[in-house]
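Here are a few warm-up exercises to work through with the model open. Try each one before you read its solution.

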Amino acid sequence: MIRDAQGNALTGADATAAAHHDTGLQALATFYGDPVAAFEAATAVCPGFVMAHLARAWVMALSTDPTFLPLAHASLEASAMLPATDREASHRALLRLALSGELSRAAQAFDAHVAAWPRDLLAIEMGLIVDLLHGLSDSLRDRPAQALAHWSADLPGHASLCAWHAFGLEETGAYDQAESLARAATERAPRDYFAHHTVAHVMEMQGRAEEGLAWMEIRRPLWSAPGHLARGHVWWHQALFHLDLDQTDAALSVYDHHILGELGPPAALGLANASALLWRIGLLGTDVVSRARTLAFLWTGHADGATSPYNELHAAMAELQAGDDIALDRRRTAMRQAASGDGETAGCLRDLALPLVDGFSAFHRGRNAEAAAILHPIRAACLRLGGSHAQRDFIDWTLTEAALRAGLKDLAQALAQERLNRKPASHPVRAAWLRANAA
């Protein structure tokens with residue numbers, strides 16, 4: 001039987017289709033190239049190639065963009081009646097869990113799948129994305145580590161696997177180990193997204209903004225090229241370094257030219273980068289209304305009130321900054337309707353996303369004590385919202401600013417000190433601490 005580059009059997013493939021599939025897996029692992037085109041080329045050669053259909057479905061399913069979900073279901077259904085090995089049938093079951101929004105159950109199922117097939121590059125990466133979408137930091141670290149024991153350094157994809165493990169180490173606070181492993185991965189796979197991205201994360205979490213900008217600059221040709229699928233998020237990290245150095249104009253330039261200016265599919269991922277950055281810039285006192293109006297319009301169709309609680313919050317942030325109460329009310333109505341149902345996504349909308357929108361709305365309208373009262377009790381639970389620690393930081397930043405503006409001195413001092421302990425060189429963090437401790 002034909003096998004992939006990691007030795008897994010491929011039902012319905014010939015050598016040409018398998019080569020396209022391997023190209024797609026490499027592009028997906030590094031976020032460089034066009035994985036969907038490669039998987040579609042594989043099914044054009046061999047329509048019965050089940051893993052090529054499933055790989056395409058995974059890309060669409062984990063885009064978090066509702067415009068891509070019909071494509072995910074179509075690819076999944078194209079695989080449904082095809083012969084499959086146990087590994088391939090397990091992928092089908094995993095996809096159905098992910099598409100139903102049951103991310104905790106999917107993560108547990110990924111544990112069993114990767115234990116059974118530890119050299120399944122696609123499963124390890126898709127499991128990592130599921131973990132990230134659900135805030136499962138320990139799984140981000142542990143599942144790639146468990147798989148690594150079954151890999152040799154010369155097996156294709158090994159450097160990416162190391163980078164994924166490094167990212168999990170960063171998300172669980174093992175910064176030195178994460179940086180060392182990620183830097184080594186960049187030497188072996190210079191265009192690998194997670195390798196470069198993990199080093200940027202470590203520097204962000206440690207407040208090493210000047211080093212971060214230098215890291216970005218020296219490697220810019222590798223991560224900023226059009227073929228790099230996640231370059232917008234790397235630009236977002238560069239903008240965060242600018243904000244820590246009190247370089248708001250530079251951050252706005254990144255927003256205009258590289259985050260919105262290079263927005264590509266799936267749009268929801270890029271729009272979330274834009275909303276997250278624009279909200280932070282607004283917290284610093286910069287007028288962002290005009291940009292927010294454009295951004296709120298661009299969110300149309302890419303957050304439907306039900307698919308992704310993380311995206312709903314980010315779309316609502318843009319609508320708040322734009323002053324678009326009609327769109328915000330529509331979004332809240334759709335979110336409440338989805339939250340009234342059963343399942344994990346409904347629970348996350350009900351318990352986290354809707355209260356966060358309420359808290360952010362109160363803050364934006366100057367009801368700062370109310371905002372602090374809403375946000376403070378739920379901040380520890382916001383892991384479930386998904387994203388990285390760096391991505392979720394806008395929640396604590398908003399809470400701190402609400403406490404400062406409300407004159408809640410004890411809470412403001414505690415939160416500002418907490419932030420200062422993590423990032424003592426950050427200009428916005430130091431400024432907040434000084435305000436909290438002013439006589």
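**Exercise 1.** What percentage of the 439 residues of the protein chain count as buried?

*Solution.* Keep in mind that this is a predicted model. The cut-off for buried is under 20% relative accessible area. Apply that to the protein chain, and 58% of its 439 residues count as buried. For the surface side of the story, the chain exposes about 16600 Å², with carbon and sulfur atoms supplying 55% of that area.

**Exercise 2.** Work out whether the radius of gyration of the protein chain agrees or disagrees with that of a compact globule.

*Solution.* Start with the expectation: for 439 residues, a compact globule would come out near 22 Å. Next, take the value for the protein chain, which is 22 Å, so the two agree. For the extents, the C-alpha trace spans about 75 × 45 × 35 Å along its principal axes. Now look at what fills that space: 23 helices and zero strands. Finally, check the contacts: of those between residues at least 6 apart in sequence, 63% join residues at least 24 apart.

**Exercise 3.** Explain why cysteine 348 and cysteine 382 are not bonded to each other.

*Solution.* First, search the whole structure: zero disulfides turn up. Then take the sulfur of cysteine 348, whose closest cysteine sulfur, in cysteine 382, is 8.6 Å away. A disulfide needs the sulfur atoms within 2.5 Å, so this pair is too far apart for a bond. As for their surroundings, cysteine 348 counts as buried at 5% relative accessibility, and cysteine 382 is buried at 3%.

**Exercise 4.** How many positive and negative side chains does the protein chain have, and how far apart are the centres of the two sets?

*Solution.* Count each set: 36 positive and 49 negative. Then compare their centres, which lie 3 Å apart.

Key. Residues numbered from 1 in each chain as written. Predicted model: local features only at pLDDT ≥ 70, side-chain atom pairs only at ≥ 80, totals over all residues. Heavy atoms only, no water. Helix = DSSP H or I, 4+ residues; strand = E, 2+ residues; numbered from the N terminus. Rg over C-alpha atoms; globule rule 2.2 N^0.38 Å. Buried < 20%, exposed > 50% of the residue type's maximum accessible area, 1.4 Å probe, protein only. Contact = heavy atoms within 4.5 Å. Areas by Shrake-Rupley, 256 points an atom, 1.4 Å probe, with all protein chains shown as cover. Lys, Arg positive; Asp, Glu negative; His and termini not counted. Charge placed at Lys NZ, Arg CZ, Asp CG, Glu CD.
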